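Dear colleague,

I am passing on a structure that I would like you to look through at your own pace. Please open it alongside this message, so that you can follow each point on the screen.

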Amino acid sequence: MISTSQLKQLAKEHGTPIFVIDHEQLRKNYAQFKKHLPRVQAYYAVKANSDPEIVRTLYKAGASFDVASMAEFRLVYDNIKSLPAKERQAFIWDKIIYANPIKDIATLEELDQYKPLVTYDNHAEILKLKKYAPHAGLILRIRVPNTGAVVELSSKFGASGGEAVDLIKAAHDHDLKVEGLSFHVGSQSTNFSNYVAALNLSAQIFEEAHARGYPDCKILDIGGGFPAPYDKHVKPLGELAKTINAEIKRLFPKDMEILAEPGRGLVATAATAVAGVIGKAVRDGKQCYYINDGVYHTFSGVIFDHIQYHFKSFKKGPTQVCSVFGPTCDALDTISLAEELPDMELGDLVYSENVGAYTHASSTYFNGFPPAKVIHVNQ
Ligand SMILES: *Cc1c(COP(=O)(O)O)cnc(C)c1O
């Protein structure tokens with residue numbers, strides 16, 4: 001954790017808005033994941049926060065990576081370049097999964113030389129893979145319940161349980177090799193029974209595939225969804241891990257390779273935003289503050305990620321309910337209508353914790369305001 005005095009010092013040094021990434025926290029989060037899920041290799045989902053320094057720190061800690069575009073693939077690949085070419089090739093499945101079930105032709109043509117591990121979930125993708133990336137290893141993405149997840153991910157991707165083995169067969173009929181299954185229970189998944197349902201469905205599909213004569217799959221990718229502690233109601237990772245570990249032990253052979261694609265769970269708690277108050281007004285009897293960071297910037301997650309971020313002040317004193325708005329001219333740039341802050345003056349600072357995931361990653365230059373400056377600490 002970065003101390004408030006350190007945050008204040010950084011804001012003084014760099015100005016605001018700043019987005020402070022704590023690499024010690026990143027290493028801690030990775031170590032926690034490994035400790036609680038020792039059988040599972042974590043493939044960090046780069047889309048949560050694609051800062052190259054985060055990729056480097058997690059790589060050094062032992063993480064692998066889930067990428068979903070050619071740019072993300074390059075970002076990761078370029079950071080494992082120091083390895084001898086031969087080792088890098090043998091290594092690629094261990095370090096990178098291309099987990100976007102839909103890939104354009106140019107991407108497949110470029111990816112094929114790396115003999116990558118990629119996900120798919122439909123017939124059209126099989127034909128594309130056969131033609132443009134015949135050297136890829138395939139992972140079938142299946143659709144699983146996303147009940148109660150904050151960000152639903154099952155309406156866009158995933159083969160149903162009923163069509164799964166037919167899609168494995170179709171890939172084999174085109175001389176493509178299916179190495180395993182993947183799923184995603186939805187992001188910020190606080191409903192642990194989604195994982196149980198998904199693991200059980202996966203076991204059934206493996207069994208049916210085996211019965212229909214397809215070679216045993218070796219890989220099970222349990223996706224992301226590991227929740228960040230945005231509020232005290234979120235149960236700790238240890239509790240979820242107990243459930244997952246027990247199901248894995250019960251349902252799958254010892255030599256099944258298990259991977260996961262945590263994004264939020266590894267980065268959310270590793271960043272804090274500090275912004276300055278640039279305006280204030282009382283509207284309809286309510287105190288309103290305008291700050292120099294907003295929903296087109298660090299707080300993009302309010303819109304895209306359905307997460308409500310809260311603010312703290314470095315000041316002490318009696319608080320009142322207030323609204324906090326971003327700096328652009330758009331009324332959509334409303335970060336929160338219900339904050340509790342002491343009386344703030346122009347130039348005072350506010351900060352918001354646990355902003356590492358799906359925030360800076362989808363920041364824009366809207367209205368001429370650039371994304372917050374990124375500062376790395378404890379690197
Ligand atoms: C977004 C995404 C992830 C990361 O999900 P989190 O909920 O942030 O852990 C993992 N895998 C895939 C395929 C994704 O689309």
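Below is what was found, going from the whole chain to one pair of helices.

Please keep in mind throughout that this is a predicted model. The protein chain contains 12 helices and 18 strands, and its C-alpha trace spans about 70 × 40 × 35 Å along the principal axes. A compact globule of 379 residues would have a radius of gyration near 21 Å, and the protein chain, with 22 Å, agrees with that expectation. Of the 379 residues, 55% are buried. If you consider the contacts in the protein chain with a separation of 6 or more, 72% of them are accounted for by residues 24 or more positions apart.

Now to the pair of helices. Two packed helices are described by the angle between their axes and by the distance between those axes. For helix 8 (residues 161-173) and helix 9 (residues 193-211), the axes come within 10 Å and cross at roughly 40 degrees. Because an angle from 35 up to 65 degrees is neither roughly parallel nor roughly perpendicular, helix 8 counts as oblique to helix 9. The crossing in which helix 8 passes helix 9 is right-handed.

Which residues make the contact? On helix 8 they are G161, A164, V165 and I168, while helix 9 contributes L201, I205, E208 and A209. Sorted by class, this contact of helix 8 with helix 9 has 6 nonpolar residues, 1 polar and 1 charged.

With best wishes

Methods: Residues are numbered from 1 along each chain as its sequence is written. This is a predicted model: local features need pLDDT of at least 70, side-chain atom pairs count only at pLDDT 80 or more; totals for chains, interfaces and linings use all residues. Side-chain values use heavy atoms; hydrogens and water are left out. Axes are lines fitted to C-alpha atoms, for helices over the stretch in contact, and angles run from 0 to 180 degrees between N-to-C directions. Helices (H or I, at least four residues) and strands (E, at least two) are DSSP runs, numbered from the N terminus. Angles under 35 degrees count as roughly parallel, over 145 as roughly antiparallel, 65 to 115 as roughly perpendicular and the rest as oblique. A crossing is left-handed if the near helix is turned anticlockwise from the far one by less than a right angle, and right-handed if clockwise. Contact means heavy atoms within 4.5 Å. Ala, Val, Leu, Ile, Met, Phe, Trp, Tyr, Cys and Pro count as nonpolar, Asp, Glu, Lys and Arg as charged, and the others, Gly among them, as polar. The radius of gyration is taken over C-alpha atoms; the globule rule is 2.2 Å times the number of residues to the power 0.38. Buried means under 20% relative accessible area, exposed over 50%, partly exposed in between (1.4 Å probe, protein chains only).
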